[in-house]
Amino acid sequence: MAKVITLDELRKHTTKGNIWVLLNGSVYDVTNFLDEHPGGDEVILSEAGKDATEAFEDVGHSDEARALLPAMKVGEFEKGPNESVAKSYQSTAAAAAMENAVQQTSNAFYIVPLAVLVAYFAWRFYS
């Protein structure tokens, strides 16, 4: 039977010398893989101690990358009420990213028309 990892235990492993991530319901110790990761260690460190499934899947890892996972497996993540807490990290990060995107888009709605207006008057003035 696989070891059951709680959310609190997962959260304790977030340093560069001891890093665990949750992928598809399983917990992996990726400490020794940090230096070998093609995307750099910052990518993994940003997902330390939380559910990294979405980030892992979004990148589209190869079969070779997926084949490395079984050797790093620590155990299965505890199912239950705490599972939603682990996913809340993703929700918080997604909400922050969405707010940033909305703010940048709002700025573009002012800057782009203003730039078009300035370009039009410059064209009329110099033509």
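**Exercise 1. Classify Tyr120, then its ring contact with Phe121.**

Solution. Start with exposure. Tyr120 has a relative accessible area of 41% in this predicted model. Buried means under 20%, and exposed means over 50%. The value for Tyr120 falls in between, so Tyr120 is partly exposed.

Now take the ring. The centres of the Tyr120 and Phe121 rings are 5.5 Å apart. Rings pair if their centres lie within 6.5 Å, so this counts as an aromatic pair. The planes meet at 65°. Planes over 60 degrees apart count as edge-to-face, so the label for Tyr120 and Phe121 is edge-to-face.

**Exercise 2. Work out the geometry of Phe125 and Tyr126, and state their exposure.**

Solution. Check the distance. The ring centres of Phe125 and Tyr126 lie 4.9 Å apart. Check the angle. Their planes stand at 85°, so this pair is edge-to-face. Then check the surface. Phe125 is exposed, and Tyr126 is exposed as well.

**Exercise 3. Count the aromatic pairs and find the cluster.**

Solution. How many aromatic pairs does the structure hold? There are three. Next, look for linked rings. Tyr120, Phe121 and Trp123 are joined by ring pairs into a cluster.

**Exercise 4. Describe the largest pocket.**

Solution. Begin with size. The volume of the largest pocket is about 350 Å³. Move to the wall. The lining of this pocket has 19 residues. Which of them lie nearest the centre? They are Phe33, His37, Ile44, Phe56 and His61.

Next, assign the wall to elements. At least two lining residues come from each of β3 (18–23), α2 (41–45), α3 (53–59) and α4 (63–72). Which element gives the most? It is α4, with four residues.

Finish with chemistry. The lining splits into 15 nonpolar residues, three polar and one charged.

**Exercise 5. Set out the fold along the sequence.**

Solution. Count the elements. The protein has five helices and five strands. Then read their order. The pattern is β-α-β-β-β-α-α-α-β-α.

**Exercise 6. Summarise burial, contacts and surface.**

Solution. Take burial. Of the 127 residues in the protein, 28% are buried. Take contacts. Consider those between residues at least 6 apart in sequence: 68% of them join residues at least 24 apart. Take the surface. The accessible surface of the protein is about 8,600 Å². Carbon and sulfur atoms account for 60% of that surface.

Notes:
Residues numbered from 1 in each chain as written. Predicted model: local features only at pLDDT ≥ 70, side-chain atom pairs only at ≥ 80, totals over all residues. Heavy atoms only, no water. 1 Å grid on protein atoms, 1.4 Å probe; cavity = no way out; pocket = protein on both sides within 12 Å on 5 of 7 lines; lining within 4 Å. Points joined across faces, edges and corners; volume = space filled by probe spheres on them. Nonpolar A, V, L, I, M, F, W, Y, C, P; charged D, E, K, R; others polar. Phe/Tyr/Trp six-rings, centres within 6.5 Å; stacked < 30°, edge-to-face > 60°. Buried < 20%, exposed > 50% of the residue type's maximum accessible area, 1.4 Å probe, protein only. Contact = heavy atoms within 4.5 Å. Areas by Shrake-Rupley, 256 points an atom, 1.4 Å probe, with all protein chains shown as cover.
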